[in-house]
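Reader: I'm new to this structure and would love a close look at a single part of it. Could you walk me through the nonpolar core and the helices around it?

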Amino acid sequence: MEIVTPDEFARRTLGGRPNRLDVTIYDGCEYQCACGEVHVFRPSGFEPSETQVLRELPWMRLVLACPLGEDAATCVKIRGWFKYRFQSLFGTTVETDKPPEINATTAKIDEQVYLMNYRDHYADILADQITPSRLAELFLFRAWTAQFGYRIFSSDAEASEKLIGETVNASKYLGLGMFQQVHGFAVEIELESDFISLIEERWRDYDVVVSTMPNADRLPTMEIITVLTNRLDVAEPEVTCRLSMDFLVQMDLIKRTAMEIGILRK
Ligand SMILES: [Zn+2]
């Protein structure tokens, strides 16, 4: 069956009249619908999933709405003398622009926080300064960055609130386990506290820096990274510089993802 644009469909089905024909004799006819599925014609009064006849056209043609409620319409020709069958001639679908669902996966919080190997990722950044406690600290930092990024880049307050919750939940219920599996040690044991207490303490420090910035136009990268390097207890300027770059790469990913899921602040 040919799929045409809604305009073309309207043009080709001009004329005709609303359904007056008795269509109950066609009950049970199968036809290919523009939605992609094969349906069984059920005239009104025939449950379940009755098929709405939108119009009757000359030469034994009917315009049928998709019984599944998809935005699809199909023009069928009635064929046969003793046993009727429907031949689908052409159809149309109206693309509905459903906004993508906003959750930890579509927001790529998994990718940013726990679908990664910290030892590999931070090998070049920390070089010989890699320790389990520093990797655990970076796990908390990447989780903070994920939800912070959506607070900055999202114009949708509800979406960013949701993503803060998603970040906490996904990191706690999926992230901690995956981190331990990949790295062979647990964040909570390494940092000697439970996850919620850990993020409450760390995230508060990062949030203080962000909320006390006088100029909202500038991302306080240096200030944020200073809090992080104090936590990590590293002082090398090169490491600080590479951590800043890495933070900006993650922020850039969040910005692009916010655009993809339609919540980017204009
Ligand atoms: Zn259909």
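Author: In this predicted model, the largest nonpolar core has 38 residues, and Ala107, Phe139 and Ala143 are those with the most contacts inside it. Six helices each supply at least two residues of this core: H2, H5, H6, H8 (195–211), H9 (221–232) and H10 (237–260). The largest share, 11 residues, comes from H5.

Let's stop at Ala107 for a moment. Leaving aside residues up to four places away in sequence, Ala107 touches Ile102, Tyr150, Leu163, Glu166, Thr257 and Ile261. Another core lies apart from this one; it has 18 residues, including Cys29, Cys66, Cys75 and Phe86.

Now follow H5 to its meeting with H10. The axes of these two helices come within 9 Å and cross at roughly 45 degrees, so H5 and H10 are oblique to each other. The crossing is right-handed. On the H5 side, the residues that meet H10 are Arg142, Thr145, Ala146, Gly149, Tyr150 and Phe153; their partners in H10 are Phe247, Gln250, Met251, Ile254, Lys255 and Ala258.

H6, residues 157–183, is worth a look too. This helix has a kink of about 45 degrees centred on Gly175, and Gly175 is also one of the buried residues of H6. Others that are buried include Ser160, Leu163, Glu166 and Phe179. Among the elements covering the buried residues of H6 are helix H2 (109–113), helix H5 (132–153) and helix H7 (187–190). After H6 comes Gly184, with a positive phi near 80 degrees.

Key:
Residues numbered from 1 in each chain as written. Predicted model: local features only at pLDDT ≥ 70, side-chain atom pairs only at ≥ 80, totals over all residues. Bend = angle between axes of the 7 residues up to and from the residue. Helix = DSSP H or I, 4+ residues; strand = E, 2+ residues; numbered from the N terminus. Buried ≥ 20, exposed ≤ 12 C-beta atoms within 10 Å, placed from the backbone. Contact = placed C-beta atoms within 7 Å. Core = buried A, V, L, I, M, F, W, Y, C linked by C-beta atoms within 7 Å. Axes fitted to C-alpha atoms, helices over the stretch in contact; angles between N-to-C directions. Parallel < 35°, antiparallel > 145°, perpendicular 65-115°, else oblique. Left-handed = near helix turned anticlockwise from the far one by under 90°.
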